[in-house]
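Welcome! Here are some short exercises, each with a worked solution, to help you find your way around a structure you have not met before. Take a look at it first, then work through the tasks in order.

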Amino acid sequence: MADEARIRAVLETLVQGIRAKDSARALRGYDNRAVFYDLAPPLRTVGPDRQGIGDWFGTWRGDIDYEITDLEISVSGDLAFAHGINRIGGTKTDGKKTSVWVRATYCLRRTGNDWKIVHEHVSVPFYMDGSVRAAIDLKP
């Protein structure tokens, strides 16, 4: 249980950093060589993208509503993975309010007593009707 609590703390720091638009806090729990499969291009990024997250924060007016729900964590030795359904919402700089649910998986590695995210995969499903339209209207 101590490992699970430490992992939850890493993810809570991420959540709090995103809510406050604090890139240093949001990225604190990531390994410097973490691999990201994120919503924004490119298909893969290696290492935390401080510029990219800062640019994204700049598209929001005020704090960002961000939460991880249905979080499940599995630990085996020095490796763990966690997955959940995350909500991203708030007001964009153009005044439009938004709320989107995404799927997220985090792979973590323990070094000593510290856990670091070494891989993150965030995605939205898309409609298989030929439109290739992201299914951002889904809710859990």
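Contact here means heavy atoms within 4.5 Å. Please keep in mind that this is a predicted model.

**Exercise 1. Find the surroundings of I85.**

Task: Which residues is I85 in contact with, leaving aside its neighbours within four places in sequence?

Solution:
- Step 1: Locate the residue. I85 is part of strand 4.
- Step 2: Apply the contact cut-off, heavy atoms within 4.5 Å. Beyond its neighbours within four places in sequence, I85 contacts E67, I68, T69, D70, W101, V102, R103 and P140.
- Step 3: Pick one of these partners and check the distance. From C-alpha to C-alpha, I85 and D70 are 6.1 Å apart in space, while 15 residues separate them in sequence.
- Step 4: Judge the accessibility. Partly exposed lies between 20% and 50% relative accessible area, and I85, with 25%, is therefore partly exposed.

**Exercise 2. Put the sheet in order.**

Task: What is the order of the strands in the open sheet of six strands?

Solution:
- Step 1: Recall how such a sheet is held together. Strands of a sheet pair through backbone hydrogen bonds, either parallel or antiparallel.
- Step 2: Follow strand 3 to strand 4. These two are antiparallel and share twelve bridges; one example is E72, whose bridge partner in strand 4 is H83.
- Step 3: Go on to strand 5. Strand 4 and strand 5 also run antiparallel, joined by 13 bridges. In strand 5, V100 is the bridge partner of I88, and L108 is the bridge partner of A80.
- Step 4: Continue to strand 6. Nine bridges link strand 5 and strand 6 in the antiparallel sense, with T105 opposite H121 in strand 6.
- Step 5: Write out the result. The order is 2-1-6-5-4-3, and the pairing is mixed. At the edges are strand 2 (45–46) and strand 3, each pairing on one side only.

**Exercise 3. Look at the hairpin turns.**

Task: Which glycine takes a positive phi in the hairpin of strand 3 and strand 4, and which ones do so in the hairpins that follow?

Solution:
- Step 1: Between strand 3 and strand 4 there are two residues, and G77 has a positive phi near 65 degrees.
- Step 2: The hairpin of strand 4 and strand 5 has four residues between the strands, and in its turn G95 has a positive phi of about 90 degrees.
- Step 3: Strand 5 and strand 6 form a hairpin with two residues between them, where G112 has a positive phi near 65 degrees.

**Exercise 4. Spot the special backbone.**

Task: Where does P42 lie, and is the peptide bond from P41 to P42 cis or trans?

Solution:
- Step 1: Find P42 in the loop between strand 1 and strand 2.
- Step 2: Read omega for the bond from P41 to P42. With a value near 5 degrees, this peptide bond is cis.
- Step 3: Now look at K21, in the loop between helix 1 and helix 2. K21 is not a glycine, but its phi is positive, near 55 degrees. At 27% relative accessibility, K21 is partly exposed.
- Step 4: Turn to V132, in the segment after strand 6. Its phi is near 55 degrees, a positive value in a residue other than glycine. V132 is exposed, at 61% relative accessible area.

**Exercise 5. Explore the core and the pocket.**

Task: How many residues does the largest nonpolar core have, and what is the volume of the largest pocket?

Solution:
- Step 1: Start with a general idea. In soluble globular proteins, nonpolar side chains tend to be buried together.
- Step 2: Count the core. The largest nonpolar core has 29 residues, and L11, Y30, Y66, Y106 and L108 have the most contacts inside it. Helix 1 gives the largest share of this core, six residues.
- Step 3: Zoom in on Y30. Not counting residues up to four places away in sequence, Y30 touches L14, F36, P48, Y106, K116, I117 and E120.
- Step 4: Move to the pocket. The largest pocket has a volume of about 770 Å³. It is lined by 30 residues, of which D38, L39, A40, I53 and W56 are the closest to its centre.
- Step 5: Sort the lining by class. There are 21 nonpolar, four polar and five charged residues in the lining of the largest pocket.

Conventions. Residues numbered from 1 in each chain as written. Predicted model: local features only at pLDDT ≥ 70, side-chain atom pairs only at ≥ 80, totals over all residues. Heavy atoms only, no water. 1 Å grid on protein atoms, 1.4 Å probe; cavity = no way out; pocket = protein on both sides within 12 Å on 5 of 7 lines; lining within 4 Å. Points joined across faces, edges and corners; volume = space filled by probe spheres on them. Nonpolar A, V, L, I, M, F, W, Y, C, P; charged D, E, K, R; others polar. Core = buried A, V, L, I, M, F, W, Y, C linked by side-chain atoms within 4.5 Å. Buried < 20%, exposed > 50% of the residue type's maximum accessible area, 1.4 Å probe, protein only. Pairing = 2+ DSSP bridges.
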